[in-house]
Amino acid sequence: MTTQQVEQTCAWALKHELEREYHDKEWGIPIHDDQVLFEFITLEGAQAGLSWITILKKREGYRAAFKEYDLEALAAMDESHVAEIIETYDVVKHKGKIASVFNNARAAIELQKEFGSISNALWQFVDHQVIMNNWQEMSQVPASTEQSKAMSKFLKKRGFKFVGETICYAFMQAVGMVNDHLVDCPKK
């Protein structure tokens, strides 16, 4: 990677190699796979109040702790599994965030029943098309939008936890519902 390419990368991805790799290979690429979408719902909820690099460093721990995001396996679990996960896996040690994964898995299964897939349920908030933003600098990127507020309300109504409007917007960015790469970013 040349110096010029590094300088053009979205500013948030310049602090750590893991962030840069995530930015270059995943962030903003449209995802429709339910299992991966659920992974990002989980990771974005876990990130609340923390830095994204903290979550990226623990990502493999999350995959192991949460059965590679197998919804049926997670839906069968409950709060009685929280202590074991805290002791055994490299995850954020927040009991509520951990317990929310089991609850959210049950809610996600209901979304699949109602909408055919988690993808159908969530991509409706962007009319099933990527919103292409044209931000010049990071200060222009919003923390939430009308779409993320609507998604948050929708998910909360269906029993999801840790899905506030800011979390939902970060989720939308992560899974490519919105493209918030800066205009001079090579990944735009």
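These are my notebook entries on an annotated site, its cysteines and the internal cavities of a predicted model.

**Entry 1. The annotated site**

I began with the UniProt record, an unreviewed entry, which places a "binding site" feature at C10, H23, H181 and C185. I then asked how these positions lie relative to one another in space. They span 176 residues in sequence, yet no two of their C-alpha atoms are more than 10.4 Å apart, so the four positions gather at one spot.

**Entry 2. C10 and C185**

I located C10 in the loop that joins α1 (3-8) to α2 (17-25). C185 sits in the segment that follows β2 (178-179). Is each of the two buried or exposed? C10 has a relative accessible area of 0% and is therefore buried. For C185 the value is 4%, so C185 is buried as well.

I next listed the contacts of C10, setting aside its neighbours within four places in sequence. The partners are H23, W27, M138, D180, H181, L182 and C185. H23, H181 and C185 also appear in the record's "binding site" feature.

**Entry 3. Disulfides**

With C10 and C185 in contact, I checked for a bond between their sulfurs. My search of the whole structure returned zero disulfides. Why is C10 not bonded to C185? The closest cysteine sulfur to that of C10 belongs to C185, and it is 3.8 Å away, which is too far for a bond; the cut-off for a disulfide is 2.5 Å.

**Entry 4. The largest cavity**

I looked for enclosed space and counted two cavities of 30 Å³ or more. The largest holds about 70 Å³. Its lining consists of I41, T42, G45, A46, Y62, K97, S100, V101, N104, K161, F162 and V163. Two helices, α3 (34-47) and α7 (95-115), each contribute at least two residues to this lining. Sorted by class, the lining has six nonpolar, four polar and two charged residues.

**Entry 5. The second largest cavity**

The second largest cavity holds about 40 Å³. I recorded F40, I41, E44, M151, L155, F162, V163, I167, C168 and F171 as its lining residues. Here α3, α9 (146-157) and α10 (165-174) each supply at least two residues. What is the class make-up of this lining? Nine residues are nonpolar, none is polar and one is charged.

I also noted C168, a member of this lining. Its relative accessible area is 3%, so C168 is classed as buried.

Finally, I compared the two lists: I41, F162 and V163 occur in the linings of both cavities.

Definitions and conventions:
Residues numbered from 1 in each chain as written. Predicted model: local features only at pLDDT ≥ 70, side-chain atom pairs only at ≥ 80, totals over all residues. Heavy atoms only, no water. UniProt positions renumbered as here; feature names shortened; annotations may be inferred. Helix = DSSP H or I, 4+ residues; strand = E, 2+ residues; numbered from the N terminus. Buried < 20%, exposed > 50% of the residue type's maximum accessible area, 1.4 Å probe, protein only. Contact = heavy atoms within 4.5 Å. 1 Å grid on protein atoms, 1.4 Å probe; cavity = no way out; pocket = protein on both sides within 12 Å on 5 of 7 lines; lining within 4 Å. Points joined across faces, edges and corners; volume = space filled by probe spheres on them. Nonpolar A, V, L, I, M, F, W, Y, C, P; charged D, E, K, R; others polar.
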